[in-house]
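Please load the model in your viewer and keep the sequence panel open beside it. The tour below proceeds by selections, each followed by an account of what is found there.

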Amino acid sequence: MAKVSKAQRVEQYMREHGSITSWEAITLFRATRLSDIIFKMRKRGLIIENKWERSKNSDGVEIPYVRYCLVNDG
């Protein structure tokens, strides 16, 4: 059986859940270069939007991050 790459896992996750963040990619797939995976997916014709979100850390400081949202397959 062929090994599934991190990029393939990220794409499948996005198809099932609609979006992904860097933290999700790291914790679920150990994929630390999500922006590169997204770049390559876009080059293949997938339409992916960036949505900026914020969350607060334990000190109450807001931390901005990007959620990549799969719009469609182009």
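Which side chain is joined to that of E11 by a polar contact of 2.7 Å? Select E11 and R15: the side chains of these two residues make that contact. A polar contact here is a pair of N or O atoms within 3.5 Å; within protein, one must be able to donate a hydrogen and the other to accept it, and residues adjacent in sequence count only if both atoms are side-chain atoms.

Before continuing, note that this is a predicted model, in which local features need pLDDT of at least 70 and side-chain atom pairs count only at pLDDT 80 or more, while totals for chains, interfaces and linings use all residues. Residues are numbered from 1 along each chain as its sequence is written, and side-chain values use heavy atoms, with hydrogens and water left out.

**Overall view**

Display the whole chain as a cartoon. The protein has 3 helices and 3 strands, and their order along the sequence is α-β-α-α-β-β. Helices (H or I, at least four residues) and strands (E, at least two) are DSSP runs, numbered from the N terminus. Along the principal axes, the C-alpha atoms fill a box of roughly 45 × 30 × 20 Å. Of the 74 residues, 30% count as buried. Buried means under 20% relative accessible area, exposed over 50%, and partly exposed in between, with a 1.4 Å probe and protein chains only.

**Helix α1 and its partner in a loop**

Select residues 6-17, which form helix α1. R15 and E11 both lie in this helix, 4 residues apart, about one turn. The pair is also a salt bridge, with the closest N and O atoms 2.7 Å apart. A salt bridge is a side-chain nitrogen of Lys or Arg within 4 Å of a carboxyl oxygen of Asp or Glu. Side chains of opposite charge can pair when their charged atoms come close. E11 is buried, at a relative accessible area of 13%, whereas R15 is partly exposed at 39%.

Next, add R44 to the selection. A polar contact of 2.8 Å joins its side chain to that of E11. R44 lies in the loop between α3 (34-43) and β2 (47-56), and its relative accessible area of 52% makes R44 exposed. To place this loop against the later part of the chain, draw a C-alpha to C-alpha distance from R44 to L70: the two residues are 13 Å apart in space and 26 residues apart in sequence.

**The network around R67**

How many salt bridges does a search of the whole structure find? The search finds 7. For one group of them, select R67 together with E24 and E53.

The side chains of E24 and R67 meet in a salt bridge at 3.7 Å, N to O. E24 lies in helix α2 and R67 in strand β3 (residues 62-72), so this pair ties together parts that are 43 residues apart in sequence. R67 counts as buried, at 18% relative accessibility.

R67 also forms a salt bridge with E53, the closest N and O atoms being 3.0 Å apart. Because E53 is in strand β2 and R67 in strand β3, the pair ties together parts that are 14 residues apart in sequence. E53 is buried as well, with a relative accessible area of 17%.

Now extend the selection to K51. Salt bridges that share partners join E24, K51, E53 and R67 into one network. K51 is found in strand β2 and counts as partly exposed, at 46% relative accessibility. From K51 to I26 the C-alpha to C-alpha distance is 18 Å, across 25 residues of sequence.

**The positive patch**

Finally, switch to a surface representation and select K3, K6, R9 and R30, which form a positive surface patch. Patches are made of residues with over 30% relative accessible area and no salt bridge, with like charges joined within 9 Å and nonpolar side chains (Val, Leu, Ile, Met, Phe, Trp, Tyr) within 5 Å.

Two members merit a separate look. K6 lies in helix α1 and is partly exposed, at 43% relative accessible area. R30 lies in the loop between α2 (22-29) and α3, where R30 counts as exposed at 67% relative accessibility. In a backbone plot, R30 shows a positive phi of about 60° although it is not a glycine.

Note on methods. Accessible areas come from the Shrake-Rupley method with a 1.4 Å probe; for residues, only the protein chains shown count as cover. Lys and Arg count as positive and Asp and Glu as negative; His and the chain ends are not counted. The place of a charge is taken as NZ of Lys, CZ of Arg, CG of Asp or CD of Glu.
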